[in-house]
Amino acid sequence: VKAAVTAGLAPERAVLPNGTTVLVQETTFSPAVTFSVAVRGGGLYEPAALPGLAWFTGRVIDRGTASRSADAIAEALDDRGVTLKASTSRHLITLSCTCLSEDFAEVLALVADAARHAAFHPEEVEKRRAETVTAIRQDQDSPGVRASEMLQASLYGGDHPYGRPAKGTIGSVEKFTRADLIALHAARFAPSATMVIVAGDVRVPDAITLVDRVFGDWHAAHPEERPVPPVPRHTVRHERRILMPDKSQSDIAYGFTSINRLDPAYCSYWMMNTILGQFGLGGRLAENIREKQGMAYYAFSSFDPSLGPGPLMIRAGVDPANVERALAAIDDEVGTFGREGATAQEIADTRRFLIGSIPRMLENNSSIATFLQTVEFFGLGLDYDRRLPALLEAVTLEDVNDAAASVLDPSRACVSVAGPEPPA
Amino acid sequence: MSRSVHLDNGLKILVREIHTAPLVSVWCWYGVGSGDEAPGQTGVSHWVEHMNFKGTERIPRDEMKGIVERFGGTWNGYTWIDQTTYLETAGKEALDTLLFIEAERMAYGLYEPADCESERTVIISELQGGDNDPDQLLDTEVTASAFRAHPYRHPTIGWLEDLRSMSREDLFGHYRRHYTPGNATLVVVGAVDTDDVLKRAGVHFGRIPAAPVPERRRAAEPPQRGERRVIVERQGATAYLKFAWHAPAALDPDFCAMLVLDAALTGAKGLNLWTSFRGAPPQRRARLYTALVEGGVASSVSGALLATRDPFVYNVSLTVMDGVALETVEDAALCAIETVREKGLTEDEVARAKRQLRARMVFENDSVTNVAHQIGYFETVVGPGYLEALGSKLQAVTAAQVADVAARLLSKDRRTVGWFQPLKERP
């Protein structure tokens, strides 16, 4: 197994008769297992009138089942040092955790029970509702969150599942009923919509047997797939500002809609984004805004494609007096890259960096589990980590320049800024 | 196990071979942090850390970027109250390059005046970004109130006024005083051959001359004689509450019992500052979680106790539930704390806390980067041998010891209480 991990992953994939997909990667560097149970029940699937319902489902799902009280679950997790995390993305609700190998069978059984038989007890719904309202108020007080959320809304439209805030609004959260949670769960949670990813110190056949034991007798109809609504491509620039007078720094979010994860140009976009806002401290953006101009502690870009066209987002935090200078620098880097492309040296360095990063990206159980979940969700193939170097080798300077030309245009950018007023 | 060697110039080198992935993690640690700074010079250690990514005699500034990346690597550094450290994790074939970079950083930094100036505004931006977060703002105020004399009172990033006034000579002087082989520990973990590492490290670092190791003289904190309070009022949406009690230093016999107590109160974090404190702890049965979050008055609670050279603080931080008054949360939290001080914890709670700590110590050592951090952190902050003995010392802690530290250390006159009171309008 040591040799296998050194040379690349060698996961095994099984599909249970009821449609549950299982991926297992055995590792031996630590007596622990990381696993996730991911269900296609993310924000895309919540009713448009109830934004945040999927996120809220994740908050309540592990707080009691038909046969286990919230206290019993709490006891079982805490006794083993396990933090169960529910994360909700646009497409998935994922329950994930790390446990000692000796606890894997019991913790897996508990998580399966939560995914299948969540009770959504009324008192738990009320407690988590109050927490969620507080969390939304905290978000509203954060210039970084405000700028990013406003950018997403500008890019996709406020009602689009990629454009609305994941947690919803205080108004929507106050409306959720227990029946809404039960309905979303009943509609979307099914074995054929579920993948179980296991990475750690466990034998592959044992892991598959254990997953089968706790998921194998689950029967529910395959939920109808829902397409990602069309994503607008902006033809003019949109700029929006949020005034937050008592803050010390302004946050800039600047971006575009891009491509989906299965687009053949994915690797070209990945390399383009790395050059623009990732390589080193934060690519060309950090070189200009942080290193040359000393204007920001962070300036970077991120590229997050999914089943629908994901955002390419630039972020920077600057002194309120420097907002216009920073925007001018971003416009300059974006415009120059879009028009003139990358250099051969940048392509070579970025390619070496990304290919060389693969062993580091797959070093521990949690990073392996995350990677395999992506592989399974997008159907990239079990040998994807070993094919990646060749895919990156095949990207040419022209491919990266085409990607840059197709998206990097300041006259089509959406821009949002949250922070105090600049000094007069 | 690690091999430990000293070079003639005083540099300590610790190597551990781990061959599960074709990676190497190199960390260079310095025995200097914000706790070693004089008034007027606060933040100098952290600023120096930033300057040490700006080019050296043999690595021009423009070439700094990209050296590690070409090996698929990542690099970083951080400064805290007792230590400054630099790291790279990359493909194992990068080893020699990484050792070269760290040797250059130790002795040959350029500190170009223009770079010092441009970094001044970057760091001020880092500070202002932190100030945007009310919880962080409150933390700064509470820590400053908890200490009267000891330099742990100022934030690692420094006071804004000092960041505006320090000069290039202040930075360079600090760098030359503290960045000496005898004040450093090089840690190498990964798919390496120990003898090969020592040979290469000898080539790169052996050319750096020995220099005096600065004495770490810090003012002792006088005993606190009564509860302190600080109230921050600012525009905001959410109230925050923070407690800070004077805490035992890592070598204090009370430290392990205090760590178990924290696990029982707020869930075990483990001991890895680099990784463990990023994820939520297991805490659904923890005393303060059940009393305050399940009790509906707080939306989150966290505790922080870290291994430090001198007595620092034990923090408990709370996010107040929307619509609940700060007084209500403070009363509920202190009521839960007083119950533990009077009656101690159950045997079950202590056993659970110890199991959590054992599990977290496995989880936080899951990569060459994390293993190397733990080796270097404890070597630099506490001293040799401590980390190896810690697991069994924690497991030996008894319920009586936990009750004793709760009663003695979480007393009213040892605490500072901080409120962040959000205002709807600007004051």
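## Exercises on a predicted two-chain model

Across the interface of chain A and chain B, 39 residue pairs are in polar contact, both residues being at pLDDT 80 or more; a polar contact is a pair of N or O atoms within 3.5 Å, where within protein one must be able to donate a hydrogen and the other to accept it, and residues adjacent in sequence count only if both atoms are side-chain atoms. The model is predicted: local features need pLDDT of at least 70, side-chain atom pairs count only at pLDDT 80 or more, and totals for chains, interfaces and linings use all residues. Residues are numbered from 1 along each chain as its sequence is written, chains are lettered from A and ligands numbered from 1 in the order in which they are written, and side-chain values use heavy atoms, with hydrogens and water left out.

**Exercise 1.** Describe the interface of chain A and chain B by its residues, buried area and salt bridges.

*Solution.*
1. Chain A contributes 65 residues to the contact and chain B 64 residues, contact meaning heavy atoms within 4.5 Å.
2. About 5600 Å² is buried between the two chains, 49% of it on carbon and sulfur atoms; this is the accessible area (1.4 Å probe) that two parts lose on being put together, summed over both.
3. Of the area that chain A buries against chain B, 12% is supplied by A:Asp78, A:Asp246 and A:Glu363, more than any other three residues.
4. Between the chains there are 16 salt bridges, each a side-chain nitrogen of Lys or Arg within 4 Å of a carboxyl oxygen of Asp or Glu.
5. B:Arg70 forms a salt bridge with A:Asp349, with the closest N and O atoms 3.0 Å apart.

**Exercise 2.** Characterise the surroundings of B:Arg105.

*Solution.*
1. Locate the residue: B:Arg105 lies in helix α3 (residues 95-107) of chain B, helices being DSSP runs of H or I with at least four residues, numbered from the N terminus.
2. Assess its exposure: B:Arg105 is buried, because its relative accessible area is 2% and buried means under 20% (1.4 Å probe, protein chains only).
3. Find its polar partners: the side chain of B:Arg105 makes polar contacts with the side chains of B:Glu88, at 2.9 Å, and B:Glu102, at 2.6 Å.
4. List further neighbours: leaving aside those within four places in sequence, B:Arg105 is in contact with residues including B:Asn52, B:Phe53, B:Tyr175 and B:Tyr179.

Terms used. Buried means under 20% relative accessible area, exposed over 50%, partly exposed in between (1.4 Å probe, protein chains only).
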